[in-house]
Amino acid sequence: MRTINIITFSVLSIAVFSSCIKSRGNNPGLEYAPDMYDSKGYEPYNQRDSNLINPYGMNMREPVKGTIAQGQMDYFYPYPNTNEGYEAAGTGFQMPADLQDAEGRGKYNYEIYCSPCHGLTGGNDGKVMEKVGKPVWPNYQDAYIKTLPVGKIYHTLTYGKNNMGSHASVLSPLDRWKVIRYVKELSGTGTVASDTSLNQSNEVKR
Amino acid sequence: MRVLHQLQSKFRLAGFVALFAALPSMNAQDAKKGKEIFDANCASCHGIQNRGAGPALKDVHLRRSEEWLLKWIKNNEALRKSGDAQALQVFNDNGGSIMPVFGSLAETDIKSIIAYVKEESAKAPKKAVVPPGGESKSDQTPDSTLYVLLALIGLFLVVFLLLARVKRDLDRLAAAGQGQEEEAPKGNIIQRLLPGPLARMNPVVLTMFAFSIFGILGFVQFYEYGITEVGVQKGYAPDQPINFSHKIHADQYGIDCKYCHSSADKSKSASIPALNTCMNCHKAVQARDKYEGEISPEIKKIYAALDYDPEKPANEAYGKNPRPVRWVRIHNLPDHAYFNHSQHVNVAGLSCQTCHGPVQKMEKVQQWSQLTMGWCINCHRQTGIQVEHNDYYEKLHEKVKADIAKNGDKSKYKDKNGRIVVTAGMNGGLECSKCHY
């Protein structure tokens, strides 16, 4: 009987071993030499070892308050998140005169970030809109949007307003302006860029 | 004259009757019309039971006079400027957020709205029927086919051996009964079970033979697992701190992947969205209809992490003590392999699903691809890159065109189907130092 025992033991041990290296559910499976997987340097989402220096063990940190990274001067926005700031931005903040958007980044970003609520053509008919609650204007053809100063739209994109949240973390200032220009095109009051009809796959350069 | 008077009084009576008869239905009509106007103009900021960007309107007709409400809704700005104490109070209580002026609404419209609010206030908070324990536990059925198979094989083996032994014993007994000389069983159990020629072999050789077969099978098994499982996390689907469903967000509501993973086309990592991105919708979307008027427990987790109080005026910032949510990372390339999302999303124009699988159908995300080197290389060998009208590949395109013109031989650039293709591999996508440096 000893032979049977050996056979049974071997079969079972193979089963147990092979089952614990298979990754499924909460089990990430077996990793050979995990120190080759985990970065010693800080990566944005490296999770194996908590960062001991930063709060909450995160590797990423917010920029120090009041500082602006090199080449990102346009992140500086002087108006505070108040009603007065909103009004002041409406009169004082203007779109850069030399704004170029040959690659159609405005349309591209509008379709990603705005269309879930505002719809592809600004009809406020996005699928998410039913859940969030319609704004008081029916679509971008409404006089309210047609006459809305670009500075106010920028302010809203940056800080959010009413049900709309801040999109400052996902759109760079330049992208915000391109989106605003596209919004103005949709409402029929902006300059229609001549070369935004390029193929989607070509709009690659920023 | 008398007839006329009679007629008049009759008419008056009829009028009275008609008025009384019409009164309840007129009220209902008012509320119904009020709902329409309310949904179109007010509902984006005000709820009846719960606050949105503006305060909840339950019992507002008890708190304020109708006259005041008319003035406020028509032109709250003018009312505030006139120094009305109540108006200023409302303005300050709601974090100074400005309500639009509704000059276009007629007085009757506003009365309809008030009638609707009155009607809704009288109703109890909506209780949706949720069966107790209806929340589906993440029933993770482990992949148990392997266990079952092996257990069955083991069981059959044992049964087979036992039966073989019983048969042999019975045969022996039968032989003894017939007076034949009993042969004593020789060798170990494997020998006894094996048919003639094998059983006559040297027991040591036989045992070694059996073990080597067993060893080869075991090795194949180990090798298979080693190559497809060790360090390969395909199928890894951990529990996340928030039960976020990609199916609801990406499929049902059709939100683009890049809305949340916004840096996928800009940088190396595709970025886990900041909680601020969640709040872009979830400040207003609280799924109360599914949880008996309560905020969904999963959405509450976002609020808890942000230290955000949903009952406070919505224009106020998040709380003083926000904490990040500790999501569990699923896709992880080794440190010695460089991968850049923007290169693949922006330059190559791949869709996210090419590597991540149909995430928009996943209730819980799991790793879809192997993410092994062979898997990368295969794709680099087979996938053509778009060189035309792509600034990134203009030089390469020129090079290929020049090469074809010089040699007159296109076969190098043809794939199986005879199409002319420049693969990522031809552009150096197979060189070691492109990814390992």
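Me: What should the 16 residues of helix H6 (residues 107–122) of chain B span at 1.5 Å a residue, and how far apart are its end C-alpha atoms?

Reply: This is a predicted model, and a helix in it can be checked with simple arithmetic. At 1.5 Å a residue, the 16 residues of helix H6 of chain B should span 22 Å, and because the end C-alpha atoms are 23 Å apart, the two values agree.

Me: Which residues of H6(B) are buried?

Reply: The buried residues of this helix are B:Ile110, B:Ser112, B:Ile113, B:Ile114, B:Ala115, B:Tyr116 and B:Val117.

Me: How many helices and strands does each chain have?

Reply: Chain A has seven helices and zero strands, so to speak a plain row of elements that runs α-α-α-α-α-α-α from the N terminus on. Chain B has 20 helices and, again, zero strands.

Me: What share of each chain is buried?

Reply: In chain A, 27% of the 206 residues count as buried, while in chain B buried residues make up 16% of the 437 residues.

Me: What part of the contacts comes from residues 24 or more positions apart?

Reply: Taking contacts with a separation of 6 or more, residues 24 or more positions apart account for 57% in chain A and for 62% in chain B.

Me: Which residues of the largest nonpolar core touch the most other members?

Reply: That core has 31 residues, and those touching the most other members are A:Tyr110, A:Tyr113, A:Val132, A:Ile153, A:Val179, A:Ile180 and A:Val183. At least two residues of this core come from each of H3, helix H6 (150–159) and helix H7 (173–186) of chain A, and likewise from helix H12 (257–260) of chain B. Domain 3 (253–272 + 328–369) and domain 4 (273–326) of chain B both give residues to the core, and therefore it lies between them.

Me: What is A:Ile180 in contact with, leaving aside its neighbours within four places in sequence?

Reply: With those neighbours set aside, A:Ile180 is in contact with A:Met95, A:Val150, A:Ile153 and A:Tyr154. Apart from the largest core lies another core, of 15 residues, which includes B:Phe38, B:Ile48, B:Ala53 and B:Ile114.

Me: How many residues of the two chains are in contact with each other?

Reply: Across the interface, 52 residues of chain A are in contact with 68 residues of chain B. On the side of chain A that touches chain B, helix H1 (2–21), helix H3 (105–118) and helix H4 (129–132) of chain A each supply at least two residues, and H1(A) gives the most, with ten residues. Sorted by class, that side has 23 nonpolar, 21 polar and eight charged residues.

Me: Where does B:Ala287 lie, and what is its phi?

Reply: B:Ala287 lies in the loop between helix H13 (275–282) and helix H14 (297–306) of chain B, and its phi is near 55 degrees, a positive value in a residue other than glycine. B:Ala287 counts as partly exposed because it has 15 C-beta neighbours inside 10 Å, where 20 or more would make a residue buried and 12 or fewer would make it exposed. A second case is B:Leu371, with phi near 60 degrees, also a positive value in a residue other than glycine. B:Leu371 lies in the loop between helix H16 (353–356) and helix H17 (373–382) of chain B, and with 19 C-beta neighbours inside 10 Å it counts as partly exposed.

Me: What does B:Gln240 touch, not counting residues up to four places away in sequence?

Reply: B:Gln240 touches B:Trp327 and B:Val328, and its place is in the loop between helix H10 (203–228) and helix H11 (246–252) of chain B.

Me: Where is the pLDDT low?

Reply: Where pLDDT is low, the predicted coordinates should not be read in detail. In chain A, the pLDDT stays under 50 over residues 192–206, for which the model has 26 contacts beyond four places in sequence. The mean pLDDT of chain B is 78, and 81% of its residues reach 70 or more. Over residues 17–25 of chain B the pLDDT is below 50, and this stretch has zero contacts beyond near neighbours in sequence, whereas residues 128–142 of chain B, also below 50, have eleven such contacts.

Technical notes:
Residues numbered from 1 in each chain as written. Chains lettered and ligands numbered in written order. Predicted model: local features only at pLDDT ≥ 70, side-chain atom pairs only at ≥ 80, totals over all residues. Contact = placed C-beta atoms within 7 Å. Helix = DSSP H or I, 4+ residues; strand = E, 2+ residues; numbered from the N terminus. Nonpolar A, V, L, I, M, F, W, Y, C, P; charged D, E, K, R; others polar. Core = buried A, V, L, I, M, F, W, Y, C linked by C-beta atoms within 7 Å. Domains from an automatic or database assignment. Expected span 1.5 Å × (residues − 1). pLDDT = per-residue confidence, 0-100.
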